[in-house]
Amino acid sequence: MWSDRRILDLLAIEHPIIQAPMAAASNAELVGAVSEAGGLGSYGAAGDRPDRLRSVVQAIRQRTGRSFNVNLFSAHTEAFDRDARPGPRLAERLEAYHRELDVGPVPEPGPLFGPAEEQFRVLVEEGVPVISLHFGADAAMVARAHQAGAKVLCSATTVAEAKALEDMGIDAVIAQGAEAGGHRGTFTVDYRRALIGTMALVPQVVDAVSVPVIAAGGIMDARGVVAALALGASAVQMGTAFLGCPEAPIAAVWRDSLEAAGAEATTVTEALSGKPARGIRNRYVDEVEALDEPLLPYPAQYSVSRVLRKAATERGDSRFLAMWAGQGVGLIRRRPAADLVNELVAESQKLLDRLAGA
Ligand SMILES: Cc1cc2nc3c(=O)[nH]c(=O)nc-3n(C[C@H](O)[C@H](O)[C@H](O)COP(=O)(O)O)c2cc1C
């Protein structure tokens, strides 16, 4: 039923539907279910130690013999400034939150992600069929992945980033619009200059590169899928929609907040992690943004709220969580991942027929 087969052949999948890799919000169960349904299941491995990553890859293989994707944050992202300390206002705020929740002392900043080089080695050794990258790529890594037989994808948030990725030999570009949930993949400019909506970004990227383009950001149902294909995308990558699936390993309080949220509930903020990312606005975001003081660099900013976030998760308290979500969140629905993929396929077919006047 799909007229553009480029991504299907490239990634060895049946439908042009990619479940977005989501660090801390994807697992072998979700990935296996999506891949078994004919889409591309993706695992967000950014936070994993190499041994854990290897066991997740093996668990995915036990659930599906089909193609799947594992995503890493690019190597430069793991740089962690050991001397970074919160400014006086942030330190005071964090201490006040810790007193309020009675969770002991504020932790020192610590590294959270990677090390990307070791993670990457696991993916190569395990023969992962598709590797996707966020926050840019480098040509040497792309070449090593190709030597290992993997296809490589990477997010771009501007036309220039998409061209740079094509020059590095990437197999397909993910055009990540400003609506997208999670971290902005921007790697060349200040993120404020790269908040381009999916509707505007996708066709401009399609015109600028010859590799297939995957549309991401705000796509929640078949209407979004068909719109993205009409813009020239060869496939879609959907994150927020898959957070509604019971397989997604997110806390109940996060899922409840997603279901209660409307289109205006999210914001792009650096307050949570130190890097711009779209999530549901809450007390922590509002108050940390209002401090009017430089934040810690990424990922130190993220790390200083780790005790707070863990306690808030356990208590079902949404005020202090990082609840990544895109602007399409008002369309989220609870249903198993395979049902979501099947429905996207069936509804897209109906919509394409209707638009064709069939
Ligand atoms: C909870 C969550 C976590 C995410 N984590 C990652 C990640 O680890 N790596 C990545 O490349 N993209 C990540 N993203 C961004 C997605 O790849 C994609 O750009 C986004 O989900 C598309 O927008 P949508 O959420 O509106 O569908 C994440 C998105 C969400 C919602």
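The following exchange examines helices, a loop residue, the nonpolar core and the ligand shell of a predicted model.

Trainee: On what conventions do the values rest?
Mentor: Residues are numbered from 1 along each chain as its sequence is written. As the model is predicted, local features need pLDDT of at least 70 and side-chain atom pairs count only at pLDDT 80 or more, whereas totals for chains, interfaces and linings use all residues.

Trainee: Which residues of helix H6 are buried?
Mentor: Helices (H or I, at least four residues) and strands (E, at least two) are DSSP runs, numbered from the N terminus. A residue is buried if 20 or more other C-beta atoms lie within 10 Å of its own, exposed if 12 or fewer, and partly exposed in between, with C-beta atoms placed from the backbone. In H6, residues 139-147, this applies to Met-141, Val-142 and Ala-145.

Trainee: Why do these three lie on the same side of H6?
Mentor: An α-helix has 3.6 residues a turn, so residues three or four places apart point the same way. On the other side of H6, Ala-139, Ala-140 and Gln-147 are exposed. The buried residues share one side because the arc they cover, taken from the directions from the helix axis to the C-beta atoms, is only 100 degrees.

Trainee: What covers the buried residues of helix H9?
Mentor: In H9 (residues 222-230), the buried residues are Gly-224, Val-225, Val-226, Ala-228 and Leu-229. Contact requires C-beta atoms, placed from the backbone, within 7 Å. The cover includes helix H8 (198-208), strand E8 (213-216), strand E9 (235-238) and helix H15 (337-355).

Trainee: Is Leu-272 buried or exposed?
Mentor: Leu-272 is found in the loop between strand E10 (266-269) and strand E11 (277-280). Beyond four places in sequence, Leu-272 touches Ala-277, Gly-279, Val-285, Tyr-302 and Ala-322. Because 26 C-beta neighbours lie inside 10 Å, Leu-272 counts as buried.

Trainee: How many residues has the largest nonpolar core?
Mentor: Such a core is a set of buried Ala, Val, Leu, Ile, Met, Phe, Trp, Tyr and Cys residues joined through C-beta atoms within 7 Å. Val-236 is one of those with the most contacts inside the largest core, and its partners include Ile-214, Val-225 and Ala-228. The core has 117 residues.

Trainee: Which residues are closest to the ligand?
Mentor: A residue is near the ligand if its C-beta atom, placed from the backbone, lies within 6 Å of it. E9 and helix H10 (240-243) each supply at least two residues of the shell. Of the 28 residues surrounding the ligand, the closest are Ala-180, Gly-181, Gly-182, Gly-239 and Gly-326.

Key:
Two residues are in contact if their C-beta atoms, placed from the backbone, lie within 7 Å.
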